[in-house]
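I opened this entry to keep track of what I looked up, one topic at a time.

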There are 2 protein chains.
Amino acid sequence: MTREITAEIISIGDELLIGQTINTNAGWMGEQLALIGIRAKRVLTIGDDRQEILDALANAQSHIVLITGGLGPTKDDITKHVLCDFFGTRLVRHPEVEARVVDIFVKMGRDPKDILEVNRAQADLPESCTVIKNDKGTASGMWFERNGKVYVSMPGVPYEMKVIMSSGVLPKLKEKFVPPTIVHRTLLTTGLGESMLAKRIEDWEDSLEAERIKLAYLPSPGIVKLRLSTYADADGTSAHERVDRKAAELYERIPELIYGEGDERLPRVIGRILKERAQTLSLAESCTGGFVSHLITSIPGSSAYFTGGVVSYANAVKMEELGIPSDMLELNGAVSQPVVEKMATGVRTALRTDWSVAISGVAGPDGGTPEKPVGTVWIAVAGPDGVISTKVNFPGTRDLVIERSALAGLNLLRKRLLVAS
Amino acid sequence: MTREITAEIISIGDELLIGQTINTNAGWMGEQLALIGIRAKRVLTIGDDRQEILDALANAQSHIVLITGGLGPTKDDITKHVLCDFFGTRLVRHPEVEARVVDIFVKMGRDPKDILEVNRAQADLPESCTVIKNDKGTASGMWFERNGKVYVSMPGVPYEMKVIMSSGVLPKLKEKFVPPTIVHRTLLTTGLGESMLAKRIEDWEDSLEAERIKLAYLPSPGIVKLRLSTYADADGTSAHERVDRKAAELYERIPELIYGEGDERLPRVIGRILKERAQTLSLAESCTGGFVSHLITSIPGSSAYFTGGVVSYANAVKMEELGIPSDMLELNGAVSQPVVEKMATGVRTALRTDWSVAISGVAGPDGGTPEKPVGTVWIAVAGPDGVISTKVNFPGTRDLVIERSALAGLNLLRKRLLVAS
C-alpha cells in the first residue's frame, strides 16, 4: 500500500464568493498536483476575513496546504498578516524582494523615488518563511513548514500563481514528499448518454477492479468523458501497461463513440483528418444557426480546410443559396430528409468542397408540431461517395438542442471520414 | 442592525478537484444569494467520498447549506445515500418523480419499457426531504431542515442546478429567512474598457456615496456591467427611488454605451428593435466564422427577423457568394474597408434584407502582418441609408478577438438602428 499524499487548497477572496471572479486557480492547481501524484482532497473558498482564514489554517488536515489570494497591496489584503499570527512570526523587509519590486516598477517606466511605500511593503514578508520568487508580479510566494506539514501562500492572480507553482512549489513538493505516481487516461466519447454508455460497457467496467483502475464518468452536453486512473506499482512501469490495455479494450468495444483523448476537441480532430488528406469542408446550417461554423473556426488554422458556409434560416435562403426546390420544401417541410440532404449537396456544390455537413431541426422553444416536436433534428453529410443522413431527437433547452445538434453533425462527419479513409 | 443570513456551498465531485471541470456553479449561486440579501461565506469543494461529505455536512455552520453534485445515475454518485445516513432516513421511490423521469425519456423517443432501472432509480429519494422539481433533468432537488438550518441538495449539471435554484430554492429561502432587502440595478455597457469607463464617469461615481449606493464594475470580454446596490430603507420605498435616480443620470451621461440592463443580451436588444419595425437582418462573416450568427440565432424567435448569413472564410466564397470583385480583394486584401463594405452590401442584396453586418479581420494566432497585425478587424453595417464601416484593434487570443469583434459588430448595428429610428 503506497502512502497517499494529500493536499488542500484555500482560495481567499470576497470576489470569489459573489460570482465576480470564477475560481479557476483551484482546478488548475488540483490538476498539477494530480500529475505529480498528490491528491487534492478539498478546496475551501473563503472571504478576506481574519477569523475565516485562521480557522481554515487550523482545520487543514492534509500534508500540504496551498493558499492563494489576499496578497495585494491594498487594505483588504490581509493574508500575510494572518499567516504571521498563525505561525507566531512577524513581517520583516526582504531587501532582495524589495529590489525585485523596484525593478518591476522601473520596467513599467516608474522613477524609483516615485515608488509608493505601499508597493515597497510588498517586500515585507514573514520572518520564518522561505520566500518563493515571483517573476511576474510584486507578491512573493511563502513556504512554511510545521509538524511535517507544508503551507504555501501565493497571490491569486492566475498567471502569477502559475509561475510560482510551476517553477517553485511543485519541484519542492516532489522533493519533499516523493509522492506515488498516478497514471491517468481520459477517453472522450460522444453519441451516447451517460447511462446508456454505462450499460454498454458494464462488464468492461466491472473488470477494472481486478486491475486496480478507477473509472470516472464526466458528462457535459453531448459528451461523456471516461477517466481511467491508477497508482503506479512498485516497479513503476506496469500501471501504464494496465491502463493502456484497458483503454485499448474500450477502443475495440466502442470505436465509433471515442473521438479523442485528454483535452482534445471534435472540431480539431476533424481538422486534423481534413488537413492530412488536403480535403475541404463547407456547412449549411439551419437550426444550429452558425454554431457548427463557429466551432470549426475556433480552431487556429481552420482556413486551411474550411472554405465557408451558409446559414439558411429563412426558406428563401435555402432555395436561392442552396438550390432547394420550393415544392420540395412545401411537400416535406424544412426539417426533413430530402431537404437536409439537398442542403448538404447544395452547399458542397456551391462552395466546391470535398465534404459538407447540413443540419435542419426544430431548436425550440416554439415551432414544434406533433410530428416534429422541438428537438427533432435532421443531419446530413455529403462527400465524394454521396450523401448520408440521420434523424435525432434531443431533449432540453434551445441552447442544448443547438449544442447537441452541432456535436452530432460533427460526429457524423468524423465517422464518415473514418469509413472513407 | 439587520440579522445577517449566511450560506455555505458544498460542491461535490472528483472532477472539480483535478481541474477537469471548473466549478462555475458556486460563483453563480453566491451571486444569486447576494441578490436576495444572503451572504455566501464559504465554498467547500470535495470529492465523491462518503466520509468527506459527512464531515462537510457536520461542520457546516451557516443558516443555509447548498450542496451540488453526485446525484447522477452511476455508481460513483453517492450524495443521496450519504444524505440518508446524515439525516437518519432512507430512500423511497417517489411515483410522481418516476413519472417525470419516464416522461423525459419518452420525449427523447425511448419506449417506456426500455427505460433502465438505473434511470428509474433517480426517483428514489430520502423519505424525510421535500422534493424540489427539476424540469430539466432526472435528478431532483432535496430540501432538508434540522435545528433551524436548511440543507438543499441539487445536481451539479449547471443548467439543472440553475432551474432548481431559481424556481424552487431561492423563493423558499426568501420566505423562510426573510433576509434584508437589497435593491440592485445592473446597467450593461459595451464599447469602452473598464478603466476608460471609470474615468469617464468618475464624478458620477463619487456622488453615489451620499446616496448610500455601492457600485461594482463587473468586466467580461467586450462588456462592463455596472451594478448599483443599496440596502432598502425602513420604509422600503426610497431605495428604489435613489437607485433609479442615479441610473437615470448614467443613461444621460453615456447613452451610446448602455445597451441594456440585468441579464439582457445585445442580440436580444437588436432582435426587439427589428421585430418592432418588421425589418430583417443578414450577416457576412469572415474572421468571426459564424459566431455573430450563433449569437443572433441563440435568441428564441430570431427567425422572425434573421434570414441567414454567409460565412465567407475563403476568398472564393467572398467572390462567388457575396460578389466581391477579385481585383478589389487583390488590391486591398480581405481585411480592408472596401471589402468589408462590399461584403455588407453584397449579403444585404443577395438575401434581400433591410440590414446587414459584415466582419473581416485577423483573428490570429497566425496571419498577422506589420500593417495588419493580429486583432485588426473591419466592421460594416449596411442599411436603407447606405453602408458605414469602422476599423478596430483588439488585443488578446483568437477566442477573444472573435468574441470582441462579434460584440462590436452587433453594437455598431444597434447604434445605427437607433439613429435610423
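Which residue in E17(B) does Trp378(B) stand opposite? I looked it up in the model, which is predicted. Lys391(B) is the residue opposite Trp378(B).

Strand pair around that position. I checked how strand E16 of chain B, residues 376–383, is joined to E17(B) and found eight bridges. The two strands run antiparallel.

The whole sheet. I then traced the sheet across both chains. It is open and has 10 strands, in the order E17(A)-E16(A)-E15(A)-E13(A)-E14(A)-E14(B)-E13(B)-E15(B)-E16(B)-E17(B). The pairing is mixed. Why is one side of each E17 strand left without a neighbour in the sheet? E17 (386–393) of chain A and E17 (386–393) of chain B stand at the edges and have a single partner strand each, so nothing in the sheet flanks their other side. I also noted the turn between neighbouring strands of this sheet, which is 10° on average with direction ignored.

A second pairing between chains. I looked at strand E2, residues 38–46, in both chains. E2 of chain A pairs with E2 of chain B in the antiparallel sense, over five bridges. Within this pair, I found Val43(B) in E2(B) as the bridge partner of Thr45(A).

Contact between the chains. I noted 61 residues from chain A and 66 residues from chain B in the contact. I sorted the chain B side that touches chain A by class: 29 residues are nonpolar, 25 polar and 12 charged.

Cores. I looked up the largest nonpolar core, which holds 128 residues. Met343 and Ala344 of chain A, with Met343 and Ala344 of chain B, touch the most other members. A second core of 86 residues is separate, and I noted Ile46(A), Ile67(A), Leu125(A) and Val101(B) among its members. In soluble globular proteins, nonpolar side chains tend to be buried together. For Ala344(B), I set aside neighbours within four places in sequence; the contacts then include Ala284(B), Ser356(B), Val357(B), Ala358(B), Ala380(B), Val381(B) and Val387(B).

Chain A overall. I counted 16 helices and 17 strands in chain A. The radius of gyration of chain A is 28 Å, and the globule rule gives 22 Å for 421 residues, so chain A is more spread out than a compact globule. Along the principal axes, I read a span of about 85 × 60 × 40 Å for the C-alpha trace of chain A. Buried residues are 46% of the 421 residues in chain A. Of the chain A contacts with a separation of 6 or more, 66% join residues 24 or more positions apart.

Technical notes
Residues are numbered from 1 along each chain as its sequence is written. Chains are lettered from A and ligands numbered from 1 in the order in which they are written. This is a predicted model: local features need pLDDT of at least 70, side-chain atom pairs count only at pLDDT 80 or more; totals for chains, interfaces and linings use all residues. A nonpolar core is a set of buried Ala, Val, Leu, Ile, Met, Phe, Trp, Tyr and Cys residues joined through C-beta atoms within 7 Å. A residue is buried if 20 or more other C-beta atoms lie within 10 Å of its own, exposed if 12 or fewer, and partly exposed in between; C-beta atoms are placed from the backbone. Two residues are in contact if their C-beta atoms, placed from the backbone, lie within 7 Å. Helices (H or I, at least four residues) and strands (E, at least two) are DSSP runs, numbered from the N terminus. The radius of gyration is taken over C-alpha atoms; the globule rule is 2.2 Å times the number of residues to the power 0.38. Two strands pair if DSSP finds at least two bridges between them. Axes are lines fitted to C-alpha atoms, for helices over the stretch in contact, and angles run from 0 to 180 degrees between N-to-C directions. Ala, Val, Leu, Ile, Met, Phe, Trp, Tyr, Cys and Pro count as nonpolar, Asp, Glu, Lys and Arg as charged, and the others, Gly among them, as polar.
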